[in-house]
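Here are my notes on the model you sent over. I've kept them as numbered points so you can work through them with the structure open.

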Amino acid sequence: MSSPSQHNNPEWIDIVAHKAQQAGQPIDEQLWQRIEQKLPATRRRRPWLWWSAAAATAAAIIALAITTRPARIDDTSSEVIAQATQPTTASSILQEAYTQSPHHTLAIHTQSPLPSQKKVKVGVETTTPVDGTHATTPVAPIHEREQDRDTINTTSSQQQNHSPSASHKSQLADNNTQISIHRTQFKENDSHFNISLYGSGNLLAQNGTQAVQRPILMAMGNGRFIEAQAVTHYHYNHHIPLNVGIMVSKSLPHNLTAGIGVNYARYSSEVSADLERFDQTVQFIGIPVALQWRFWNYRRLSAYVGAEAMAERCVAVDRGDEQVDVPKRIQWSVHGMAGLQLDITQHLGLFVEPKVSHYATEFTLPTARNEHPLTFNLKMGVNISF
Amino acid sequence: MMTESDIVNGCKKGRREAQRALYDALATHLMAIAVRYMGNHEDAQDVLQDALVKAYLSFDQFTWKGEGSLQAWLHRIVVNTAVSQLRQRQHLPDVVNIDSVPEHEEQLDAGEVAHIDTDTILSMVAALPMGYRTVFNMHCIDGYSHRDIARQLGINEGTSSSQLSRARAILAHKIKEYINQHTS
């Protein structure tokens, strides 16, 4: 494209061209709205998402803080299993005690000899393996087992509360330090119920196409119209879907756990066809029912496998400016999973769960979950037991 | 107020406020181009809508080369969209009474033409028969060569040249009539 004046036009044409180039024409007010409808929706900021994430994090931190409080040791029920009078032997005493009961909880209590009578308690805990392979004595089932705790007390000459004998008192009078190891006992809380908060997403985002036929009237040369089908090919670029939920489960015999919950799923896709481009969002609320079997434990780790069935209802469809009826049919799906849980504390665990899903009910709109018969998800969450 | 650079950056990110700012700044000018090509307001509005949607969706293909480059890019998109729509109507022949086409182009005084207001000039151009109007717009106002016009419209260069001659003759005649009516 070159300048019109380069074409050696008569002067009047250059004036016409100049006027035309400078011209403006009024526009209907609705034009912008029509253009806006054809454009993909601007990503709206969703502050509630951030607030929800912040609230969940705060709740998790509080739960962690509550459940990680050092356990109170009941000195009255303690039993002395080892003692020493020199501070330097504390480590050897601890080692000795650990050798005697390697899988029991050990705690060191130090009572300072300072005049301020300041007391310092330091707790060191080890969890007894559930499978009992390293235990010196047989381990009862998890609900009935009483866990032992060994306590090492270092007591100053002014602090004789826990001295088990008169000979120790005389030693303490010499301002020596006495170290004694007590075995105290407490009963572990039964874990009957669990609450799991989780989020999951597909491991891979997917693409797909859909051909939609629409009837049109075509004009024939003789002035008549015939009905024909126009086919529009929509290309779907599916984003990674979001799944969040909560599940309440109950421990059953034979290391089984059964649970029921509520699941929210959101599938968003970018759809394009010729000049059209818009965003599609489909939202589901579902009720999952799950059964899990815990087959392996090692220290704080445990592994399980499980199966889940879910009934879902589509609750919202947002598809550009097109009016789409929300499908009312219940969507059924089945899922198989294998999971690994890490117990952070006695009551709080983190889990990660690769999951394979099959959505059995046909859904009219393409989403990431129905492009293939099987989809692979990764589920992660927090498990609170009480 | 957003600068042209801000508008370009915003549109590349798909931000609605930048898209709206571009629309507010240039839509009336682009509408005038569409009216020149399409000959009526309704068709022009459809062309402008399609052109702007196309532009917004393909903004990542645009490289800003300084002030004015955005307007030039949008100008080309509007012209291409209009020509594309006109080509779809090519099976509809121009209904031109051959007797109404002057044999020779009137000699016009540039000074007198300069006094005619822009809207009148634009309406005269828009009133040209479709084929003549398209070639006149492309060649005389938007600076396309006959070769480019021939390629875009799917005609040969000779046809483009002869249509331009007739367009100029008709327009010059109309302007002459207008001047005569308003000076007498």
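What percentage of the 386 residues of chain A count as buried? It comes to 23%. Bear in mind throughout that this is a predicted model.

1. **Chain A overall.** The secondary structure here is five helices and 15 strands. As for how the chain folds back on itself, take the contacts with a separation of 6 or more: 64% of them come from residues 24 or more positions apart.

2. **The β12 to β14 stretch.** Have a look at strand β12 (residues 301-319) of chain A, which pairs with strand β13 (residues 331-343) in the antiparallel sense, over twelve bridges. If you want a landmark for that pairing, Ala309(A) has Val334(A) in β13(A) as its bridge partner. On we go to β14(A): it runs antiparallel to β13(A), and nine bridges join the two. Here a handy marker is Ser333(A), whose bridge partner in β14(A) is Tyr359(A). β13(A) and β14(A) make a hairpin, with four residues between them.

3. **Leu350(A).** This one sits in strand β14 (residues 348-359) of chain A. Is Leu350(A) buried or exposed? Neither label quite fits: Leu350(A) is partly exposed, because 14 other C-beta atoms lie within 10 Å, and a buried residue would need 20 or more while an exposed one would have 12 or fewer. Leaving aside residues up to four places away in sequence, Leu350(A) touches Gln341(A), Leu342(A), Ile344(A) and Val382(A). Also worth checking on screen is Leu197(A): 153 residues separate it from Leu350(A) along the chain, yet their C-alpha atoms are 9.8 Å apart.

4. **Where the chains meet.** On the chain A side, 32 residues are in contact with 37 residues of chain B. Which elements of chain A give two or more residues to that side? They are α1 (11-22) and α2 (30-38). The largest share, ten residues, is from α1(A). Sorted by class, the chain A side has 17 nonpolar, nine polar and six charged residues.

5. **Chain B overall.** Chain B has nine helices and zero strands, so to speak an α-α-α-α-α-α-α-α-α run from the N terminus on. Of its 184 residues, 38% are buried. Looking at contacts between residues at least 6 apart in sequence, 69% join residues at least 24 apart.

6. **Helix α8 of chain B.** This helix covers residues 146-153, and its buried residues are His146(B), Ile149(B) and Leu153(B). Why do they end up on the same side of α8(B)? Because they cover an arc of only 60 degrees around the axis. The spacing fits the usual rule: an α-helix has 3.6 residues a turn, so residues three or four places apart point the same way. What do these buried residues pack against? The partners are α4 (69-88), α7 (130-141) and α9 (157-183) of chain B.

7. **Just past α8(B).** The helix is followed by Gly154(B), and the phi of Gly154(B) is positive, near 70 degrees. Worth a glance when you step through the end of α8(B) and on towards α9 (157-183).

Notes
Residues numbered from 1 in each chain as written. Chains lettered and ligands numbered in written order. Predicted model: local features only at pLDDT ≥ 70, side-chain atom pairs only at ≥ 80, totals over all residues. Contact = placed C-beta atoms within 7 Å. Nonpolar A, V, L, I, M, F, W, Y, C, P; charged D, E, K, R; others polar. Pairing = 2+ DSSP bridges. Arc of directions from axis to C-beta.
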